[in-house]
Each structure stands twice: as structure tokens, then as C-alpha cells.
Amino acid sequence: MTSASDPAQSSGLKPGLKQRHMNLIALGGVIGAGLFVGSGVVIQSAGPAAVVSFLIAGLITVLIMRMLAEMTIAKPALGSFYVYAREALGNRAGFAVGWMYWYFFVIVVAVEAVAGGRILQLWVPDVPLWVLSLGLLLILTGTNMVSARSYGEFEYWFSSIKVVAIVVFLVVGALYLFGFWPGAQGGLTNLVSHGGFAPLGIGAVLAAVVPCIGFYTGAEIVTIAAAESAEPKKAIAKAMRSIIFRVVLFYVGSVFLVVAIKSWDDPATAVSPYAAVLEVLGIPAVATIMNAIVLTAVLSCLNSALYTSSRMLFALTSNGDAPKAFTRLSRSGVPRRAILAGTAIGYVSVIAAYTSPDLIFQFLVNSYGAVALFVYLSIALAQVRLRRRLEREDPDKLTLKMWLFPWLSYATIALMAAVILAMALLPSTRSQFWLSAVTLALILLGFEIRRRRGRPVAKVPGGPVDPVPGEPARDAASAAVRE
């Protein structure tokens, strides 16, 4: 297994992320723009019982993250679940997981850049969308090119703003429900007074779990960032142990307040549920406040997507699953070529959003919808196999364990399979599933081409560092020691 007790040292990456960065990376990965805006669609499709949909999706996410944390703490590895899938499920599965995850986040780069540009256009309407989107990409690409710590600092402050916004929302919402807010009537009548708690039926509640899981995607980023932290095991353990509290409080708690304060079938709830609640509370400048918060969430996602896609591409080179050119590091230990690869696709996608929004860009958006679910299922399958192996070979490394193993692991696999099957059958998500399946098929075809060409596997987890003029190139590990 390609791992080390110190993944940063073995790869040449610099351990620039501190514990506070890791805590907020884990937290920010869960709180995205989908919570502030996309949750309105779920509420409209499930009614007040959307709270249950978010709770079920949160439970599945917590179980997957617990499984991943067990593997990460037992054997920290550059590339995290890509390495575990390769070790447990074979080279083909590892190749597919790594490239699916990379593809997912390079599309996220494009989607978030376009979303950020649209928000900025509300304030500067005369500037073209593509100019604003490319501007955001350039700024955050530059941030990621400096160092891992630079990424961590930006993500720390972006996530802090999101957390503060959610906490304030929870506090003022609770004051309203208990009748302590000026002009508040209080009470929970909205939960049942518009057709009941589940007005569209239990089937709609279960169907809404599919998009809800997508909103939680990102919690796993902290296991990739662990390779650039000083104490990866401690960072992962602390972040993962608190994820249950975050899921319940931030997602389920805030959605509960939305449906309790504002009627679920109000058109304003579908468009921007949190803004609709702030209007009920009489908060001034609601639109400006929400646009600023959503822009922060978008920039956070864009920042993390650039970081995550580059580190996964860098990890893929360790086993010959990606071109060796992407192993090169800057003097600050940053895989700049890998960053630029994701950024370049982001540029192309932004241009596609400008020139062909209904064809090319829409295809890209739909083609990654189920990819994260495929990756999560692979994580669950890998955990079962690696847990059995660790119990036989090195049980002392299992310092953080999956609950009720193996039965809860099997239940998680069954739940993930059910969600993927539901995505394939539901009319609203069927096209995303099949286009994502095409993405997976193309990646598997890429593996077969690589296998038949007999591409050699790299022997060293890291790679050569960009040489200083007048000095010979050197491998990543030796460079890390010297610098």
C-alpha cells in the first residue's frame, strides 16, 4: 500500500496546514452554496418532511466518513480513498475512483466560477459573465499556487464566515419560534398547516435523499488535505468525531427552522429559503446579505475544488495512473502543474457556459451528478476489505473504528446502492445518472488503454521538483528534506 506515517514527507508536499485549518476545511466542505439555495428545491419536493430527507442523507454521509476516517487514521496515505480503493478493490477500481473524483472537482471548479460570476453580476451588471468568472478563477488559482497554507488560510476565513452565518441564523430563528423576536407569533404550525408534515407522501421524502447527499459532498476533502498537515492522524480524528454534531446542527437544524418559520409551498422558499426566512424576521437588506453569504460559500467551494483536484491528480501519478509531468513541485511544495490542469478545464468550461450554456455546459453539469456517489460506494466497499486485512495483520492501528462492524458497514453499502438505484430510476435525476455512467465508462476505457500500453508504475510516491536554474532536478522526497 502506498502510504506512510507522514504522507507529506514521503511525497514532497509541505505540511503547511495547521489543526485550525483542518477543522475549518472539514466544516467548510459540508457547508456549501447548496445549503443556502439548493435546499429550497428539496423543501418544495418533500414539504416540511425535507428535514427527514436531510437527516437520512446526513446519516449516510456520517457513516461513509466514519469508514473513511478508520482507514485514514490506520494508514495515512497521499490520495486517501484513491489509494484505499486501489489496495482493496484492485488497480482498475483505484484508477476509476481517482479519476472520477478529479473529474468531479474540475467540473465543480467551472460550476462555482460561473455561479460566483452571476452573483457578482448583480452588483456590476455591465461586466460580462465570462470576465467575472475568469477573474475569480485567476484569483483563487493564484492563491493555491503559493502554498498549501495559503489555501488553508483562505478556506479558514471562508468557512468561518459560513459558520458564523449559520449560527446567527439558528439563533435568530430559534428566538422567532419561541416568540422572543420582535413581532414574532412563534409556534410550529407551519410544519403541519399546509397539507401536513409530508404533504407529498413518504416516496417524495425518500426521493429527496438523492439530492441531499450531493449537498453533503465535500466532507471527505479533509482526508486529502491531511497529507499536508503536521499531524494527519490527530487532525482527521478530531474532524471526523465532530461531524455528527455539525450535520445535525447546521443542516437539519437550519432546514427545520426554514420550514417552521416559512410555509414550504411559498414560491419564495423554493428560490432562496434562507432569504425568505430573513424577510419574515424583518432583517433589512436581505438580498444583499444572502448574496454575500452565498458568494462566500461559492468562493469556498471553488477554492477547495482547485486544491482537491490538484492533489488527487498529483496522487494519481504515484502509481503511474497519471502523466509524470504532474509530479513536479514548486520550491514551496505545491503541484502547480496539477493546479493548472484543473484550472485550464475550468477556463474551457466557463467559455462553454458563455457560448453554449444549454448544450455543452449543461452536458458537463449533468455528467458529474452521480460521480461522487460512485466514489462514496467505493469507499464503503474498500473499508470492509481493508478492515478485515488490518484485523489480521496489524490490529493495533485500528485506533478509530467503524461502529458495529461489519453489519453497519454492510448497511451503509446497501443504503448507498439504494440511493444510486433511485437516482437511475427517478425522472428528475435519471439523465444525470446515465451521463455520469458514461463518464465512468470513459474512465474505465482509459484504464484499459493504459494497461495495454503497459505503462510502468512509479516507484516513489512523490516526483521531481521544478529545478532551480543551474541546479539538477531532484526527487520530491529529497527536496522536502533539503528545503
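# Reading a predicted helical model

Guide: Buried residues make up 57% of the 483 residues in this protein. Keep in mind as we go that the model is predicted.

Visitor: Thanks! How many helices and strands are there in the protein?

Guide: The protein has 22 helices and two strands.

Visitor: What radius of gyration does the protein have, and what would a compact globule have?

Guide: The idea is to set the value against what is expected for the chain length. A compact globule of 483 residues would have a radius of gyration near 23 Å, and the protein has 22 Å, so the two agree. For the extent along the principal axes, the C-alpha trace spans about 70 × 55 × 40 Å.

Visitor: Now contacts. Taking those between residues at least 6 apart in sequence, what share joins residues at least 24 apart?

Guide: That share is 79% in this protein.

Visitor: Could we follow one residue? Where is Ile 224 found, and is it buried or exposed?

Guide: Happily. Ile 224 sits in helix α11, which covers residues 221-225. Its relative accessibility is 3%, so Ile 224 counts as buried; the cut-off for that word is under 20%.

Visitor: Which residues does Ile 224 touch, leaving aside those up to four places away in sequence?

Guide: The partners are Ser 80, Phe 81, Tyr 101, Tyr 307, Thr 308, Arg 311 and Met 312. For a distance to try in your viewer, take Ile 224 and Ala 237: they are 13 residues apart in sequence, and their C-alpha atoms are 14 Å apart in space.

Visitor: On to cysteines. How many disulfides does a search of the whole structure find?

Guide: First, the general idea. A disulfide is a covalent bond between the sulfur atoms of two cysteines. Here the search finds zero.

Visitor: Why is Cys 212 not bonded to Cys 301?

Guide: Because the sulfur of Cys 301, the closest cysteine sulfur to that of Cys 212, is 16 Å away, too far for a bond. Looking from the other side, Cys 301 is in no disulfide, and its nearest cysteine sulfur is that of Cys 212.

Visitor: And what are the relative accessible areas of these two cysteines?

Guide: Cys 212 is buried, at 0%. Cys 301 has 18% relative accessibility and counts as buried too.

Visitor: Finally, what can we say about the surface and the charges?

Guide: The accessible surface comes to about 19000 Å², with 67% of it belonging to carbon and sulfur atoms. As for charges, there are 38 positive and 24 negative side chains, and the centres of the two sets lie 7 Å apart.

Notes:
Residues numbered from 1 in each chain as written. Predicted model: local features only at pLDDT ≥ 70, side-chain atom pairs only at ≥ 80, totals over all residues. Heavy atoms only, no water. Disulfide = S-S within 2.5 Å. Buried < 20%, exposed > 50% of the residue type's maximum accessible area, 1.4 Å probe, protein only. Helix = DSSP H or I, 4+ residues; strand = E, 2+ residues; numbered from the N terminus. Rg over C-alpha atoms; globule rule 2.2 N^0.38 Å. Contact = heavy atoms within 4.5 Å. Areas by Shrake-Rupley, 256 points an atom, 1.4 Å probe, with all protein chains shown as cover. Lys, Arg positive; Asp, Glu negative; His and termini not counted. Charge placed at Lys NZ, Arg CZ, Asp CG, Glu CD.
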